[in-house]
Amino acid sequence: MIQVDPRDAIFAYVETPSTAQTTVSAYAFDSGGRPLPSRDELLRWITQRAGRIGVLRQRMIRVPFDLDHPYWAEDPAFAAEDHVAFHIGRGWEELRTLLVDIQRRPLNPSRPLWEAHVVTGVDGVEGIAGPATVVAIKMHHSMADGGLGARIARQLFTETLPTDERPDADPIPSSFSMAAMAVAAIPRNLCLLACAVPRARRVQRLRRTERAQGMYETPAALRPRTVLNQPLGQERVYNAVFFSVPELRAMRSAVGGVTLNDLMLTIVGATMHRYLCEVGDPPAGSLGACVPVSTRDDIEATSRNRFVTIAVDLHTDSPDLVERVGAIHRSVLADRVRKTSPGETQSDALANSFPGFLVRNALRVLRALPARQSTTVQLANTLVTNVPKGPADLVLCGSTVAANFGLAPLIGLAGVAHTVSSVGDSLAVNIIADPRQLRDDRRYAELLLESFEDLKAAVYS
């Protein structure tokens, strides 16, 4: 067994009925007018590949009372077909509802924490003239971040079978054995915890020194609280708006010195601001976004979630949209410097010193505290993630991928989140929201398109 990295285990600890930590990434395949693959063909394709991918065969073993962090263990009873479900498709509207239902259903903790939902005969998917086959890969965030999820998808949707490096599966330890292991680890964990206090002090001094030397700017600690920043309920709505990657690239070149992600952050910020003004809640200041940034290619780590979350000023109080793109670009660069500095990196690593039960109970205590009424929120009003899936060379039973879209979890006081997902020339801005806060997701989708057209007009004016 391999112990779960604390940075991955946190997603199991923070989970509640209203904040399920599951992601759903859906891939739409176009048969190009050929007959759609049969259920047997689809099942055989997915199971042949999933059974060869080690991450998909491992289940999480929780330690009793979370005395220690959980473990990843090869599931001796693993059968890939147990993780595949089929649905009869209708249209895009029905698919949106189905994806929400898929995300909200709890995963079976006695199995590896993933599912593949195959929806056949879906009409109305952007970029596909006829019925599409959609495969929605649902994963718990503890087992994979967006980058690792994209790599797994590339192993599932390829003509070549992945290399099978299946180890011998040992029996799953009993709860008594797991508890005994945790008790034996108590001296080690207490030592780590005792060392964490002086380490935390050293890290704080290092961070103060970095700020005093001007190594980075500290982002605004508070943002205006809006109707989209309220405590979360359990219901969700989902929608998506599709854009052309070549068109966005042309806009990026016209602006110069910015990224596609800067353009998307500008569009999202403008959309949120317009929506809030329409519903009578204009923000008293600039909105902000939490933006996960991958460190998979930059920092060695054992965790499956390899990213830092930066705080980006969306500069929604700036009237010039082109200037706003540049300002957002500078905000992204500045906070990435902060979050990858030695002080911040060592601060994040302090989480490795705390045993599971301490983290879990601390989170419970924080949730139980009475909610403090405030006109502000910490750092950001929304989450904006961007995980490119690469070229459109993914295949499924002879059909080629045409679009990628999906859902991310909501957490904290962010009642709406945005995930930017792209494959080939298709890019989707996905809207995931608490319907008590975002009461009209269709209007919000329309505003996304309007914000895009406004930015496009500003770029070429």
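Strand 3 gives the second largest pocket the largest share of its lining, three residues. Keep in mind that this is a predicted model. Besides that pocket, there's a small set of things to look at here: a sheet of three strands, and two pairs of packed helices, helix 10 with helix 13 and helix 8 with helix 9.

**The second largest pocket**

- How much space lies in the second largest pocket? The figure is about 370 Å³.
- The pocket has 17 lining residues, and the ones nearest its centre are E15, L107, P109, L113 and H140.
- Two elements to find are strand 3 (58-61) and helix 4 (92-104), since each of them supplies at least two residues of the lining.
- By residue type, the lining splits into eight nonpolar, four polar and five charged.

**The sheet**

- Strand 3 turns up again here: three strands make an open sheet, in the order 1-4-3, with antiparallel pairing.
- Which strands sit at the edges? They are strand 1 (2-3) and strand 3, each of which pairs on one side only.
- Strand 1 and strand 4 (residues 71-74) run antiparallel and are joined by two bridges.
- To spot that pairing, look for I2, which stands opposite W72 in strand 4.
- As background, strands of a sheet pair through backbone hydrogen bonds, and they can do so parallel or antiparallel.

**Helix 10 with helix 13**

- A quick primer: a pair of packed helices is described by the angle between their axes and the distance between those axes.
- Helix 10 (residues 321-339) packs against helix 13 (residues 441-460) at an angle of about 100°, and their axes are 8 Å apart.
- Angles of 65 to 115 degrees count as roughly perpendicular, so helix 10 is roughly perpendicular to helix 13.
- On the helix 10 side you'll find L321, V322 and V325, which meet D454, L455, A458 and V459 in helix 13.
- The residues of this contact come out as six nonpolar, no polar and one charged.

**Helix 8 with helix 9**

- Are helix 8 and helix 9 roughly parallel or roughly perpendicular? Helix 8 (residues 245-255) and helix 9 (residues 260-278) pack at an angle of about 95°, with axes 9 Å apart, which means that helix 8 is roughly perpendicular to helix 9.
- Helix 8 brings V245, L248, R249, M251 and R252 to the contact, while helix 9 brings L260, L263 and M264.
- Sorted by type, the residues of the contact of helix 8 with helix 9 are six nonpolar, no polar and two charged.

Conventions: Residues are numbered from 1 along each chain as its sequence is written. This is a predicted model: local features need pLDDT of at least 70, side-chain atom pairs count only at pLDDT 80 or more; totals for chains, interfaces and linings use all residues. Side-chain values use heavy atoms; hydrogens and water are left out. On a 1 Å grid over the protein atoms alone, a cavity is a set of points where a 1.4 Å probe fits but cannot get out, and a pocket is an open set with protein on both sides within 12 Å along at least five of seven lines; lining residues have an atom within 4 Å of a point. Grid points are joined across faces, edges and corners, and a volume is the space filled by probe spheres set on the points. Helices (H or I, at least four residues) and strands (E, at least two) are DSSP runs, numbered from the N terminus. Ala, Val, Leu, Ile, Met, Phe, Trp, Tyr, Cys and Pro count as nonpolar, Asp, Glu, Lys and Arg as charged, and the others, Gly among them, as polar. Axes are lines fitted to C-alpha atoms, for helices over the stretch in contact, and angles run from 0 to 180 degrees between N-to-C directions. Angles under 35 degrees count as roughly parallel, over 145 as roughly antiparallel, 65 to 115 as roughly perpendicular and the rest as oblique. Contact means heavy atoms within 4.5 Å. Two strands pair if DSSP finds at least two bridges between them.
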